[in-house]
Structure formats: C-alpha cells, structure tokens
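Subject: Structure for your review

Dear colleague,

Please find below the structure that I am handing over to you. A summary of what was found in it follows.

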Amino acid sequence: MPKISHTCSTVNSVDPNAPFLDFEIPNDPTRIEVRRSTRRRRTVSAFREGTTIVVAIPARMSKRDEAQVVPEMVAKVERAERKLRPGDSELGERAAKLSKELFGGLARPSSVRWSQQMQQRWGSCTLDDASIRISSRLQGMPRYVLDYVLVHELAHLLEAAHSERFFEFERRFARAERAIGFLEGWQNAQGDLTDLSDI
Ligand SMILES: [Zn+2]
C-alpha cells in the first residue's frame with residue numbers, strides 16, 4: 001500500500017540537482033459511490049466527499065437508467081471542479097503569500113506550476129532553478145492540503161534535506177499534521193478501491 005514517503009534527502013545526497021521525490025501516490029484518485037435513497041423520487045444529485053464522488057439517485061431507478069445517469073453526473077462534478085481550479089498564476093500567488101507569512105518571503109521560487117504528469121508525487125522542487133511543480137491531483141482537495149504541499153516544497157528552497165531544520169520550517173504551517181493525515185487517508189483509500197466502490 002502506498003504511503004507518503006520522503007525520499008528527498010536520499011536523492012539529494014546522490015545528486016544535489018535532482019528534483020525531490022516527494023510523496024508517492026497511486027494513479028487514480030477518484031472513487032464513485034452510488035447512493036440509492038427512498039426519499040428521492042426523481043431528483044439526482046452528485047457531489048464530492050473527499051476523494052469520492054457520490055451520486056445520489058432514487059431508490060427505484062432502473063439499473064439501465066443508473067448506468068446512463070451516473071457517468072453523466074460524475075462528468076458534471078468534474079467539469080465544475082475544473083472551473084474552480086486555480087491556475088498557475090493563482091498557484092504562484094498562493095506560494096508567495098505562504099512564503100511571506102511563514103518564511104518572511106525568503107523562499108522565492110522561480111516558478112510554481114501545476115503538473116498533469118506528476119502521478120507518483122504530490123510536489124517537487126528542483127533546486128537547480130528553484131522551480132516548484134505541484135501535482136494537479138491536488139486540485140480537487142481542500143485548500144489546506146494544497147497549501148501544505150506548497151509549504152513543503154517552499155521549505156526545500158530554504159533547506160534541501162529533510163533535516164530537523166527543514167521540519168522546523170514545515171511546522172510553521174499549523175495544519176501540516178492534519179494535511180499529512182488527509183493525504184495518508186486518501187492513499188489508504190486507494191488500496192480499498194474494489195471493495196468500496198459501487199460501480
Ligand atoms: Zn521533501
């Protein structure tokens with residue numbers, strides 16, 4: 001089962017210019033859960049609960065209708081989420097704000113960008129050019145979780161290794177523990193994918 005792993009310092013000791021290999025993650029984050037409700041007659045709704053998209057349908061809906069409605073509703077939720085996603089410029093602004101609040105503005109990334117390709121990590125920081133990349137898989141998650149990963153990568157600009165000094169920097173973000181708990185829970189949930197999903 002994948003766990004959050006910190007391999008930055010290992011990578012760094014071998015090659016100081018290698019990007020940090022933070023936070024192993026599995027491939028598909030979204031589970032789909034169909035809830036049949038006797039209180040519903042016609043209405044269908046869909047919403048996200050953490051990493052699950054819940055589709056609520058009337059108890060009496062036929063399997064055939066369900067097979068049509070559920071993918072439509074999931075697509076609708078994902079479209080709405082894409083609209084809400086902060087772009088690269090907002091990501092950069094957010095990193096600058098966190099750097100100012102927590103590090104007196106000393107962590108200055110040259111760029112902060114979303115990465116669609118980053119499937120095995122939550123974030124990476126390349127010391128070579130001080131660039132930060134953030135996995136776009138964080139886009140549907142709570143803001144404090146995204147902020148935590150940004151803080152983690154920003155802290156690497158001040159301290160390369162996962163040293164005590166590094167974690168002192170990281171702990172300045174008050175919700176670090178909570179964010180790590182969220183990411184661990186998310187990853188554990190992936191291991192139970194087949195048991196938990198209804199479709
Ligand atoms: Zn790290």
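Two strands are said to pair if DSSP finds at least two bridges between them. By that rule, in this predicted model, strand 1 (residues 31-37) and strand 3 (residues 52-58) run parallel and are joined by seven bridges. Within this pairing, Arg36 has Ile57 of strand 3 as its bridge partner.

Strand 3 also pairs with strand 2 (residues 45-49), here in the antiparallel sense and over five bridges. Arg48 is bridged to Ile53 of strand 3. Strands 2 and 3 form a hairpin with two residues between them, and Gly50 in the turn has a positive phi of about 65°.

Further along the chain there is an open sheet of three strands, in the order 4-6-5 and with mixed pairing. Its edge strands, each pairing on one side only, are strand 4 (111-115) and strand 5 (123-126). On average, neighbouring strands of this sheet are turned by 20° against each other, direction ignored. Strand 5 and strand 6 (residues 131-135) run antiparallel and are joined by four bridges, with Ser124 opposite Arg133 of strand 6.

Two helices should be viewed together with this sheet. Helix 3 (residues 88-103) packs on the sheet and touches strand 4 and strand 6; its direction makes about 130° with that of strand 4. Helix 4 lies across strand 5 and strand 6, running at about 15° to strand 5.

Helix 4 (residues 143-158) merits a closer look. At 1.5 Å a residue, its 16 residues should span 22 Å, and the end C-alpha atoms are 23 Å apart, which agrees. Of these 16 residues, 13 are buried, so helix 4 is largely enclosed by the rest of the structure.

The largest nonpolar core has 24 residues, of which Ile134, Leu138, Val145, Val149, Leu150, Val151 and Leu154 touch the most other members. Helix 3, strand 6, helix 4 and helix 6 (176-191) are the elements that give two or more residues to this core. Helix 4 gives the most, with nine residues. Leaving aside neighbours within four places in sequence, Leu138 is in contact with Trp122, Val145, Leu146 and Val149.

Another core, of six residues, lies apart from the largest one. Among its members are Ala46, Val55, Ile57 and Val70. Ile57 is thus a residue to note twice, as it is also the bridge partner of Arg36.

With kind regards

Terms used. Residues numbered from 1 in each chain as written. Predicted model: local features only at pLDDT ≥ 70, side-chain atom pairs only at ≥ 80, totals over all residues. Expected span 1.5 Å × (residues − 1). Buried ≥ 20, exposed ≤ 12 C-beta atoms within 10 Å, placed from the backbone. Axes fitted to C-alpha atoms, helices over the stretch in contact; angles between N-to-C directions. Contact = placed C-beta atoms within 7 Å. Core = buried A, V, L, I, M, F, W, Y, C linked by C-beta atoms within 7 Å.
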